[in-house]
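Biologist: Could you take me through the aromatic rings in this structure, step by step? I am new to this, so please go slowly and show me what to look for.

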Amino acid sequence: MTANTKHIVSHTVKFLGCNNKFFGKRNNSIARSNGRTQVAVTAAQDVEELPANLRKIVMSFQMVPDAMMRYKQLLFYASKLKPMAAELHSPENKVQGCVSQVWVFPSWRDGKVFFEADSDSQLTKGLAALLVEGLSGSTPTEILRVSPDFVDALGLKQSLTPSRNNGFLNMLLLMQKKTLELYNEQEKEQVSEVKGPSSSEEEKPEDEECEFPVARNIRRKIEEALGANVELVIDDQSSQHAGHSGTKGLRPTETHLSLEIVSAEFEGKNTMKRHRLIYQILADELANGVHALSLSTKTPDEAES
């Protein structure tokens, strides 16, 4: 794992509002109201902290004072978007919650992520093209640092309908989600190469719980935040990552954890929002020894289906 991406999860926490460098003054504590965890973030992301390509796009839009000209500029981006292969117009690549149909697909080259996208609407295609050009060529960390409120700096929010704004946000969230998935795939491939085909490990029973201190603390925090009825399974996968550059010097256990969480608190939240909530609850653990966190977050109905 390269130095640029070895702390990907901790950077994800920063994106979620745990670092004052990217967000202004914030509430340093996690407040709880009616069993719900809330984190207050009070300032928008600084344009200077955006990926280089996205920063250039934002600055170019800021130079256009007229709303109609910015709209035409968006359509110009749509005309530049390269065609997307028909087989990539698949359900797993489709952005949910958009008025028009939108698909996004990432690829990995030399530690950076590159995107393709398409839409059946010129306006939505322009929004997708803006994100494709702005995020492509960035590292996973840079992509995950992007806050959804950067759209305010573009000056487009007032020109778009609420449904278009929501669709634009969903595009960004799906691209960030796919970035995380792509990064995890690359990590698994690196582990396989290091271990080799003949390497084997003793399997743990599925119902065996991790009872080390960090796991116990994680269980306590999640139960306090989500309620005593939460179902939680913690699997310590640290041994699979022994020898990684990002784990050298760390204790041999509790650096890579997999959490399966079933909670009614996830009702009405998409996957990204659920993961953000858990990252916020476990911010201290992620900043102090837990190197990677794999999450499965389901509502009780989803767990039963």
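Modeller: Start with Phe61, Phe76 and Tyr77, which together make one aromatic cluster. Keep in mind as we go that this model is predicted. A pair of aromatic rings is described by two things, the distance of the centres and the angle of the planes. Within the cluster, look at Phe61 and Tyr77: their ring centres are 5.9 Å apart, and the angle between their planes is 20°. Planes under 30 degrees apart count as stacked, so this pair is a stacked one. Now trace where the two rings come from. Phe61 belongs to helix H2, residues 52-62, while Tyr77 belongs to helix H3, residues 67-80, so their pairing ties together parts that lie 16 residues apart in sequence. Phe61 and Tyr77 are both buried.

Next, find Phe150 and Phe168, another of the four aromatic pairs in the structure. Here the centres are 6.1 Å apart and the planes meet at 55°, which makes the pair tilted. Phe150 sits in the loop between helix H5 (140-144) and helix H6 (151-154), and Phe168 sits in helix H7 (residues 162-195), so this pair links parts that are 18 residues apart in sequence. Phe150 has a relative accessible area of 3% and is therefore buried. Phe168 is buried too, because its relative accessibility is 3%.

Finally, here is a ring with a different kind of partner. The charged end of Arg109 sits over the ring of Phe114, at 3.8 Å from the ring's centre.

Notes: Residues are numbered from 1 along each chain as its sequence is written. This is a predicted model: local features need pLDDT of at least 70, side-chain atom pairs count only at pLDDT 80 or more; totals for chains, interfaces and linings use all residues. Side-chain values use heavy atoms; hydrogens and water are left out. Rings of Phe, Tyr and Trp (its six-membered ring) pair if their centres lie within 6.5 Å; planes under 30 degrees apart count as stacked, over 60 as edge-to-face and the rest as tilted. Helices (H or I, at least four residues) and strands (E, at least two) are DSSP runs, numbered from the N terminus. Buried means under 20% relative accessible area, exposed over 50%, partly exposed in between (1.4 Å probe, protein chains only). A charge sits over a ring if NZ of Lys or CZ of Arg is within 6 Å of the ring centre and within 35 degrees of the ring normal.
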